[in-house]
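Me: I have a model open and would like to know what stands behind the words people use for it. Could you take me through them?

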Amino acid sequence: MQKIFNILNNKNKLKSFEEISYLSFALSSISGRRMIEIFYTGKFKIINKKKILFNGQAKNNNKKKYEIYILLIDTKKFIKKIKKLRSCKKIKKIIKKIKNKNNKINSINSQISNNLSSHLNK
């Protein structure tokens, strides 16, 4: 947990996929959300310092909202880190490329997951 705490409290530059991988893992760990929800489908709204309202669950693709707890950091910092991760040039480039591909065999979520996994698991 200390390493996750350190990652979350670092000034992550997100210049490399290694840094992106660390931050996305930490955010996923403290929220219990899947990577695709952290990077793309999840919508998060602050309820209080430790709880957020979440929708955009990847597995059901439904609009149901859930209250979830955030561990180790407050929810404002969690939202800030999510925004930073999603605005990262490397991530935006991958998502844009996939959206423009028009692959009808696999869902956008699975294409994003597969593509990000190949970069983040190196």
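**From strands to core**

Reply: Gladly! Let's start with a facing pair: phenylalanine 44 stands opposite phenylalanine 54 in β2. Keep in mind that this is a predicted model, where local features need pLDDT of at least 70 and side-chain atom pairs count only at pLDDT 80 or more, while totals for chains, interfaces and linings use all residues. Residues are numbered from 1 along each chain as its sequence is written, and side-chain values use heavy atoms, with hydrogens and water left out.

Me: What makes β1 and β2 a pair of strands?

Reply: Strands are DSSP runs of E with at least two residues, and helices are runs of H or I with at least four, numbered from the N terminus. Two strands pair if DSSP finds at least two bridges between them. Strand β1 (residues 43–46) is joined to β2 by 4 bridges, and the two run antiparallel, so by that definition they pair. A hairpin of 4 residues connects β1 to β2.

Me: How do you know which strands stand at the edges of the sheet?

Reply: β2 also pairs with strand β3 (residues 66–69), again antiparallel and over 4 bridges, and there lysine 51 stands opposite tyrosine 69 in β3. The result is an open sheet of 3 strands in the order β1-β2-β3. β1 and β3 each have a single partner strand, so one side of each has no neighbour in the sheet. The twist averages 35° from one strand to the next (axes are lines fitted to C-alpha atoms, for helices over the stretch in contact, and angles between N-to-C directions run from 0 to 180 degrees).

Me: Why is β2 called largely enclosed?

Reply: Buried means under 20% relative accessible area, exposed means over 50%, and partly exposed is in between (1.4 Å probe, protein chains only). In β2 (residues 51–55), 4 of the 5 residues are buried, so the strand is largely enclosed by the rest of the structure.

Me: What makes leucine 14 buried and leucine 72 partly exposed?

Reply: Leucine 14 has a relative accessible area of 6%, so it counts as buried. Leucine 72 comes to 32%, so it counts as partly exposed. Most residues other than glycine have a negative phi. Leucine 14, in the loop between α1 and α2, has a positive phi of about 55°. Leucine 72, in the loop between β3 and α4, has a positive phi near 70°.

Me: How do you know that the buried residues of α1 line one face?

Reply: Ile4, Ile7 and Leu8 are buried in α1 (residues 2–9). Seen down the helix axis, the buried residues fall within an arc of 95°, so they line one face; the arc is that of the directions from the axis to the C-beta atoms. Gln2 and Lys3, on the other side, are exposed. The buried residues pack against α2 (17–31) and α4 (75–86), where contact means heavy atoms within 4.5 Å.

Me: What makes a group of residues a nonpolar core?

Reply: The term covers buried Ala, Val, Leu, Ile, Met, Phe, Trp, Tyr and Cys residues joined through side-chain atoms within 4.5 Å. The largest one here has 31 residues, and those touching the most other members include Leu8, Ile30 and Phe78. Its largest share, 5 residues, comes from α2. Leaving aside neighbours within four places in sequence, isoleucine 30 is in contact with residues including Ile4, Leu8, Tyr69 and Phe78.
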